[in-house]
Amino acid sequence: MANDEKEKRQRETNKLVHRLIGVIDEHPDQVNNYYDLGSLLTRLKSFDQAEELFMKALGIFEKKGDQEAVNLLNYGLGNVYYTVGKIKSALEYYDKIDDPKLKADSYLMMAQSYMKEKQYKQAVAYGLTALELRQDDAEINQVLGDSFLALGEFEQARGYYDRILRHHPGRADTQFNRGLVAMVLGEDYHYYLDQAQQLNPDYYAKSEKRIADIETFLRKQGNDDNDK
């Protein structure tokens with residue numbers, strides 16, 4: 001039964017890919033058609049095909065001098081490289097974007113890229129720039145909270161997580177990290193961790209080691225204080 005369902009999804013996916021190819025053939029001058037197909041191929045992990053399509057489309061629209069289209073395709077290609085872990089290439093394409101409509105998204109992706117590279121101060125810098133453009137964006141606030149958490153700036157992290165949870169309490173990652181911050185700051189943390197576990201047991205199980213890491217950090221900090 002599971003195989004039947006998988007085969008059915010695969011057939012539907014193949015149909016969608018072919019339909020999008022047909023739409024490009026019918027309307028080769030519309031950039032969204034290339035972007036939609038490239039994004040779908042990225043989600044399907046057909047990364048070489050996605051890269052080839054975005055590169056081909058960039059060649060077409062650069063010749064036309066259509067900067068708005070070029071911006072969108074640069075964003076799509078950056079997402080391909082980000083997904084496969086080619087962070088330097090991803091940053092190169094995100095940095096090319098000068099379309100005001102895509103600026104917040106590109107700054108967010110640059111912040112997330114620097115997070116992947118563990119360059120948290122750069123992640124904060126781009127996250128704050130993105131936040132100026134979209135104050136209530138949960139993903140932007142999350143990357144800022146996570147960056148400050150990684151830097152040990154726990155009160156800063158708390159502010160960004162609290163901002164998210166006011167409007168998006170169903171985020172397991174935010175609840176979990178808010179719980180870690182609460183542990184460090186001496187607040188009641190059980191509620192946040194319980195919420196994270198209920199919302200996404202798999203995420204909680206994968207992240208549980210971080211609770212032990214925080215407990216070790218707090219014990220060490222207590223011992224250091226006692227030695228003074």
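**Exercise 1. Describe the lining of the largest pocket by residue class, and state where its residues come from.**

*Solution.* Step 1: the lining of the largest pocket divides into 7 nonpolar, 3 polar and 4 charged residues. Here Ala, Val, Leu, Ile, Met, Phe, Trp, Tyr, Cys and Pro count as nonpolar, Asp, Glu, Lys and Arg as charged, and the others, Gly among them, as polar.

The structure is a predicted model, in which local features need pLDDT of at least 70, side-chain atom pairs count only at pLDDT 80 or more, and totals for chains, interfaces and linings use all residues. Residues are numbered from 1 along each chain as its sequence is written, and side-chain values use heavy atoms, with hydrogens and water left out.

Step 2: the lining consists of 14 residues, and Asp146, Leu149, Asn177, Leu180 and Arg210 lie nearest the centre of the pocket. On a 1 Å grid over the protein atoms alone, a pocket is an open set of points where a 1.4 Å probe fits, with protein on both sides within 12 Å along at least five of seven lines; lining residues have an atom within 4 Å of a point.

Step 3: α8 (138-151), α10 and α13 (209-227) each supply at least two lining residues. Helices are DSSP runs (H or I, at least four residues), numbered from the N terminus.

Step 4: the space in this pocket is about 350 Å³. Such a volume is the space filled by probe spheres set on the grid points, which are joined across faces, edges and corners.

**Exercise 2. Which residues line the second largest pocket, and which element gives the largest share?**

*Solution.* Step 1: the second largest pocket holds about 180 Å³ of space. Step 2: Val17, Ile21, Ile24, Asp25, Leu37, Leu41, Gln49, Leu53 and Lys56 line the second largest pocket. Step 3: two or more of these residues come from each of α1 (2-26), α2 and α3 (47-64). Step 4: the largest share, 4 residues, belongs to α1. Step 5: by class, this lining has 6 nonpolar, 1 polar and 2 charged residues.

**Exercise 3. Locate valine 184 and threonine 42, decide whether each is buried or exposed, and list their contacts.**

*Solution.* Step 1: valine 184 lies in helix α10 (residues 172-185), and threonine 42 is found in helix α2 (residues 31-43).

Step 2: valine 184 has a relative accessible area of 16% and is therefore buried. Buried means under 20% relative accessible area, exposed over 50%, and partly exposed in between (1.4 Å probe, protein chains only). Threonine 42, at 11%, is also buried.

Step 3: leaving out residues up to four places away in sequence, valine 184 touches Phe154, Ile214, Phe217 and Leu218. Contact means heavy atoms within 4.5 Å. With the same exclusion, threonine 42 touches Phe47, Ala50, Phe54, Asn79, Val80 and Thr83.

**Exercise 4. Which members of the largest nonpolar core touch the most other members?**

*Solution.* Step 1: a nonpolar core is a set of buried Ala, Val, Leu, Ile, Met, Phe, Trp, Tyr and Cys residues joined through side-chain atoms within 4.5 Å. Step 2: in the largest core, which has 60 residues, Leu73 and Tyr94 touch the most other members. Step 3: helix α4 (residues 67-84) contributes the largest share of this core, 9 residues. Step 4: beyond its neighbours within four places in sequence, tyrosine 94 is in contact with Tyr75, Gly78, Asn79, Tyr82, Ser106, Met109, Met110 and Ser113.

**Exercise 5. Which residues are joined into one network by salt bridges that share partners?**

*Solution.* Step 1: the whole structure contains 10 salt bridges. A salt bridge is a side-chain nitrogen of Lys or Arg within 4 Å of a carboxyl oxygen of Asp or Glu.

Step 2: arginine 158 pairs with glutamate 187, with their closest N and O atoms 2.4 Å apart. Arginine 158 lies in helix α9 (residues 154-167) and glutamate 187 in the loop between α10 and α11 (190-199), so this pair ties together parts that are 29 residues apart in sequence.

Step 3: aspartate 162 and arginine 178 meet in a salt bridge of 2.6 Å, N to O. Because aspartate 162 lies in helix α9 and arginine 178 in helix α10, the pair ties together parts that are 16 residues apart in sequence. Arginine 178 is buried, at 3% relative accessible area, whereas aspartate 162 is partly exposed, at 24%.

Step 4: arginine 178 also forms a salt bridge with glutamate 187, at 2.9 Å between the closest N and O atoms. Arg158, Asp162, Arg178 and Glu187 are thus joined into one network.
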